[in-house]
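Reader: I should like to understand the terms applied to this structure. Please set each term against its definition.

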Amino acid sequence: MTTNDILYSVRELVVEYHTRVGDLNAVDHVSLDIKRGEVLGLVGESGCGKSTLGKALMRMIQDPGRIVSGELWFNDVELLSLSNEKMRQLRGSRISMIFQDPMTSLNPVQRVVDHITETIQVHEPKTSDKAARARAAELVDRLGINRNRLDDYPHQLSGGMRQRVMISLALALRADLVIADEATTSLDVIVEAQFLDLLKELREEFDLTILLITHNIGLVAELADRVAVMYAGRMAEVAEIRQLFSDAKHPYAQGLLKAVPNIRLDDDELYKMPGSPPNLITAPTGCRFHPRCPQVMEICAQQAPKFQEVSPGQLASCWLYQEHPEKAGQAA
Ligand code: SF4
């Protein structure tokens with residue numbers, strides 16, 4: 001892989017939220033590459049920092065949160081060193097985000113057409129109203145919404161249609177990277193399946209790179225090329241989707257896969273991961289997973305393992321593959 005294959009590179013990113021009881025370390029020295037043209041799934045339990053990471057990629061962390069350190073490379077541009085104005089231009093035009101609940105992202109008193117034309121004209125001020133409307137009509141047609149609905153307000157559309165409008169905003173300027181943050185959570189299973197099919201088609205047609213943030217590992221299996229597993233603000237494992245499902249390395253990733261409901265198993269056979277995610281104001285020392293890990297060793301509570309390649313294309317942060325390689329491969 002050459003550096004040209006990488007669209008977005010996160011290096012040692014640290015994000016904190018200031019709270020009355022202390023600083024919450026939501027993203028802790030995370031490094032991650034997003035390859036051009038891939039769908040990368042970002043999974044983990046609620047509160048693991050995956051949405052914070054997604055927002056940080058857009059430089060959208062708001063007070064009381066802040067990016068403490070790290071580097072965000074998009075193509076050859078380091079985003080943390082950009083002015084607010086330059087970042088505003090890039091956001092929406094080159095990197096776009098689809099949020100969980102379109103009702104909170106779409107302005108309820110603005111018609112669908114105004115959302116799309118405004119997005120186009122803010123970034124391309126020379127585009128006439130007529131041309132912007134024509135582009136909006138083409139886009140919604142392509143996304144399976146009748147162009148007659150352009151003058152509707154968001155509340156007049158179904159949940160699935162609103163989600164399509166959100167995609168049209170992402171596509172209006174042909175963003176290179178689309179970050180979909182729990183984008184299907186508010187959809188029923190049938191609309192969710194349609195949404196996934198649409199994303200697959202659009203990915204080919206618009207040459208999109210997609211970061212799919214979700215707690216739903218089944219969704220990732222359906223759509224992603226690679227998957228990044230986060231735990232308690234840190235990257236636990238990154239692997240190709242087949243590698244992860246056939247040979248997950250990190251004990252947390254192994255537990256996550258075993259906890260996926262399987263129609264062939266009785267309910268009482270379903271694996272339940274012991275314990276609960278830690279409080280990130282007082283995160284555990286060493287490996288943050290150690291209080292829950294079935295393979296914990298003495299060193300795990302003392303030092304954090306490095307996040308490093310453990311087999312070709314597969315990275316994990318676990319002492320099993322560093323100080324104690326002889327134990328590697330003994331599944332939990
Ligand atoms: Fe478990 Fe230790 Fe690996 Fe952490 S470093 S996942 S505690 S074995």
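Author: The following exchange takes up a pair of helices, a further helix and a charged residue. This is a predicted model, in which local features need pLDDT of at least 70, side-chain atom pairs count only at pLDDT 80 or more, and totals for chains, interfaces and linings use all residues. Residues are numbered from 1 along each chain as its sequence is written, and side-chain values use heavy atoms, with hydrogens and water left out.

Reader: Why are α4 and α6 called roughly parallel to each other?

Author: Helix α4 (residues 112–123) and helix α6 (residues 159–172) pack at an angle of about 20°. Angles under 35 degrees count as roughly parallel, and α4 and α6 are therefore described in that way. Their axes, lines fitted to C-alpha atoms over the stretch in contact, are 9 Å apart.

Reader: Which residues of α4 and α6 meet?

Author: Those of α4 include His 115 and Ile 116, and those of α6 include Val 165 and Leu 169.

Reader: What makes helix α10 mostly covered?

Author: Seven of the eight residues in α10 (residues 251–258) are buried, that is, under 20% relative accessible area with a 1.4 Å probe, protein chains only. Among them are Pro 251, Tyr 252 and Leu 257. The buried residues of α10 pack against several elements, including β3 (39–43) and α9 (241–247).

Reader: How do you know that Glu 16 has no salt bridge?

Author: A salt bridge requires a side-chain nitrogen of Lys or Arg within 4 Å of a carboxyl oxygen of Asp or Glu. For Glu 16, the nearest side chain of opposite charge, Arg 66, is 4.1 Å away. Glu 16, found in strand β1 (residues 6–19), is thus buried yet without a salt bridge.

Terms used: Buried < 20%, exposed > 50% of the residue type's maximum accessible area, 1.4 Å probe, protein only. Helix = DSSP H or I, 4+ residues; strand = E, 2+ residues; numbered from the N terminus. Contact = heavy atoms within 4.5 Å. Lys, Arg positive; Asp, Glu negative; His and termini not counted. Axes fitted to C-alpha atoms, helices over the stretch in contact; angles between N-to-C directions. Parallel < 35°, antiparallel > 145°, perpendicular 65-115°, else oblique.
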